[in-house]
Amino acid sequence: MKRTTGQYERTSVAGEEVAAFIPHPLPPVHPVLSLTDEQLELLRRAEASLRRLDLAGEMVPSLDWFVYGFVRKEAVVSSQIEGTQATLTDLLAHEAGGSQSAARPDVQEVCNYLDAVRFAREEMGRKDGGLPLSVRLLNQVHARLMHGVRGGEKLPGEIRRSQNWIGGTRPGNAAFVPPPPQRVPEALSALEKYMHAEDDLPPLLRIGLLHVQFESIHPYLDGNGRVGRLMIALLLEHSALLSAPLLYLSLFFKRHRDEYYRRLSAVRTDGDWEGWLGFFLDGVGTVAEEAIDSARELFALVTRDRGRMLAVPDGSMMAARLFERLPEHPMLTVANIMELLDTTRPTATKAVHALVNVGVLTETSGRKRDRTFVYTEYLNVLKTGTEL
Ligand SMILES: Nc1ncnc2c1ncn2[C@@H]1O[C@H](COP(=O)(O)OP(=O)(O)O)[C@@H](O)[C@H]1O
Ligand SMILES: [Mg+2]
């Protein structure tokens, strides 16, 4: 039996009659989900890999080591999926430059994404009445994401009040027409309810369902992809599948973008929830394994380089302290170091040169002033997959 996952409503947009899709509330029924053995195996693998990724954070002195890099990686790649041109290197260079440099618009978008993640996690973690995972929280995430950039005229933080469409040059040849605006609030309350509902589906499957549902509702004028992917990260934490945003799942979506879009569509056109879930679970398992490998590689690199640094006679106390901060600051200037280590310019400069001499840091800007130093080998591991 072919499942229907929503109903169509005729509506008129930009002078054309189109059929807008209104998704049925989750979970799928008639028939209920039925995963193949292979899909169930993908589920087990994804769950196991997430557990191991969570443990990888325990290898290092502070979980923030990996959170720092992996959240940035997710922010960059999720933004790249729909055309943002900023790379991880651009982001780190901007951050090292501090407030003096106005960000390029695409780098600003990525900074906004980081700000939105930080905000949402803080709200969800607050004991004194922060916002729970909810539509209100997502609206605030959206407001931050759209802050000051291209989306300025795109109602930051607000649910759309007009009809939109995806793909195609006009509504009539669109790949997909989401629900009419007056249907959106109801669809979103149902989505929110399902985030907190208790049913017998494993949390990871529910998260997969929620992402598609969010994209089907397409509640904002822009930024739906990024908010919907950020929601996955928040849900993983909310469901205690991860204790920090360590999974850069967008890398899988970027790598298989056509399939990602095709699978989203197939839920609507063919009722194929299972096909989407198989793809999603494969992505979670694959990226979790890749993140575990990178975490190991980064850890091994730091261990090796710490040894090298301690072996040289001119290794000062300050150089050792600077070294320990590099995983959370793989690109920095002398001004950054002065602030980080609360020290003077001559001392900071001396520490930097000690790390340049042992081959840990490299000067990359080629400038005489405001020189930028990079932990190149570390950044090379981290940036895999984030180039354009
Ligand atoms: N055929 C489709 N059906 C449902 N959702 C889709 C489809 N194609 C793309 N999408 C989703 O829409 C997103 C793009 O919407 P948009 O509002 O421009 O988001 P953003 O600005 O964050 O990229 C894609 O990243 C994807 O998640
Ligand atoms: Mg967009």
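Here is a walk through this predicted model, from its domains to its core, its ligand and a few individual residues.

Let us start with the overall layout. The domain assignment splits the chain into domain 1, covering 6-293, and domain 2, covering 312-382. Taken over C-alpha atoms, the centres of the two domains are 36 Å apart. Where they meet, 9 residues of domain 1 are in contact with 9 residues of domain 2. On the domain 1 side, helix H2 (64-81) and helix H3 (88-97) each contribute at least two of the residues that touch domain 2. Helix H2 gives the most to that side, with 5 residues. Sorted by class, the side of domain 1 that touches domain 2 consists of 6 nonpolar, 1 polar and 2 charged residues.

Now turn to the interior. In soluble globular proteins, nonpolar side chains tend to be buried together. In this model, the largest nonpolar core has 96 residues, and those with the most contacts inside it are Leu247, Leu249, Val284, Val287, Ala291 and Leu355. Helix H11 (residues 273-311) supplies the largest share of this core, 13 residues. The core also draws at least three residues from each of domain 1 and domain 2. Val287 is a good place to look around: leaving aside its neighbours within four places in sequence, Val287 is in contact with Leu247, Tyr248, Leu249, Leu251 and Phe252. A second, separate core has 5 residues, including Val18, Ala20, Phe21 and Val177.

Next, follow the chain into domain 2, which covers 312-382. Helix H12 (residues 317-325) has Ala319, Leu322 and Phe323 as its buried residues. Seen down the axis of H12, these buried residues fall within an arc of 105°, so they line one face of the helix. What lies over them? The cover on the buried residues of H12 includes H11, helix H13 (334-340) and helix H14 (345-357).

A little further along is Met331, which lies in strand E3 (residues 331-333). Is Met331 buried or exposed? Met331 counts as buried because it has 25 C-beta neighbours inside 10 Å. Leaving aside neighbours within four places in sequence, the contacts of Met331 are Leu92, Ala93, Ala96, Thr372, Val374 and Leu379. The C-alpha atoms of Met331 and Leu361 are separated by 8.8 Å, and the two residues are 30 residues apart along the chain.

The ligand comes next. There are 16 residues around ligand 1, and Glu82, Glu215, Asn224, Gly225 and Arg226 come nearest. Helix H7 (203-217), helix H8 (224-238) and helix H10 (257-270) each supply at least two residues of this shell. The largest share, 4 residues, comes from H8. By class, the shell around ligand 1 divides into 6 nonpolar, 6 polar and 4 charged residues.

The loop between H7 and H8 holds His218, a residue other than glycine whose phi is positive, near 45°. His218 is buried, because 22 other C-beta atoms lie within 10 Å. Another non-glycine residue with a positive phi, about 45°, is Ala14, found in the loop between strand E1 (6-13) and E2. Which side of the burial scale does Ala14 fall on, buried or exposed? Ala14 is exposed, because it has 11 other C-beta atoms within 10 Å.

Finally, look at the loop between strand E2 (16-23) and helix H1 (37-56), where Pro27 is found. Pro31 has its place in the loop between E2 and H1 as well. A cis peptide bond joins Leu26 and Pro27, with omega about -5°. The peptide bond from His30 to Pro31 is also cis, its omega being near -10°. Leu26 leads on to a distant part of the sequence: the C-alpha atoms of Ala197 and Leu26 are separated by 9.9 Å, with the residues 171 residues apart along the chain. Ala197 is found in the loop between helix H6 (184-196) and H7. With 13 C-beta neighbours inside 10 Å, Ala197 counts as partly exposed.

Methods: Residues are numbered from 1 along each chain as its sequence is written. Chains are lettered from A and ligands numbered from 1 in the order in which they are written. This is a predicted model: local features need pLDDT of at least 70, side-chain atom pairs count only at pLDDT 80 or more; totals for chains, interfaces and linings use all residues. A nonpolar core is a set of buried Ala, Val, Leu, Ile, Met, Phe, Trp, Tyr and Cys residues joined through C-beta atoms within 7 Å. A residue is buried if 20 or more other C-beta atoms lie within 10 Å of its own, exposed if 12 or fewer, and partly exposed in between; C-beta atoms are placed from the backbone. Domain bounds come from an automatic or database domain assignment. Two residues are in contact if their C-beta atoms, placed from the backbone, lie within 7 Å. Ala, Val, Leu, Ile, Met, Phe, Trp, Tyr, Cys and Pro count as nonpolar, Asp, Glu, Lys and Arg as charged, and the others, Gly among them, as polar. A residue is near a molecule or strand if its C-beta atom, placed from the backbone, lies within 6 Å of it. The arc is that of the directions from the helix axis to the C-beta atoms.
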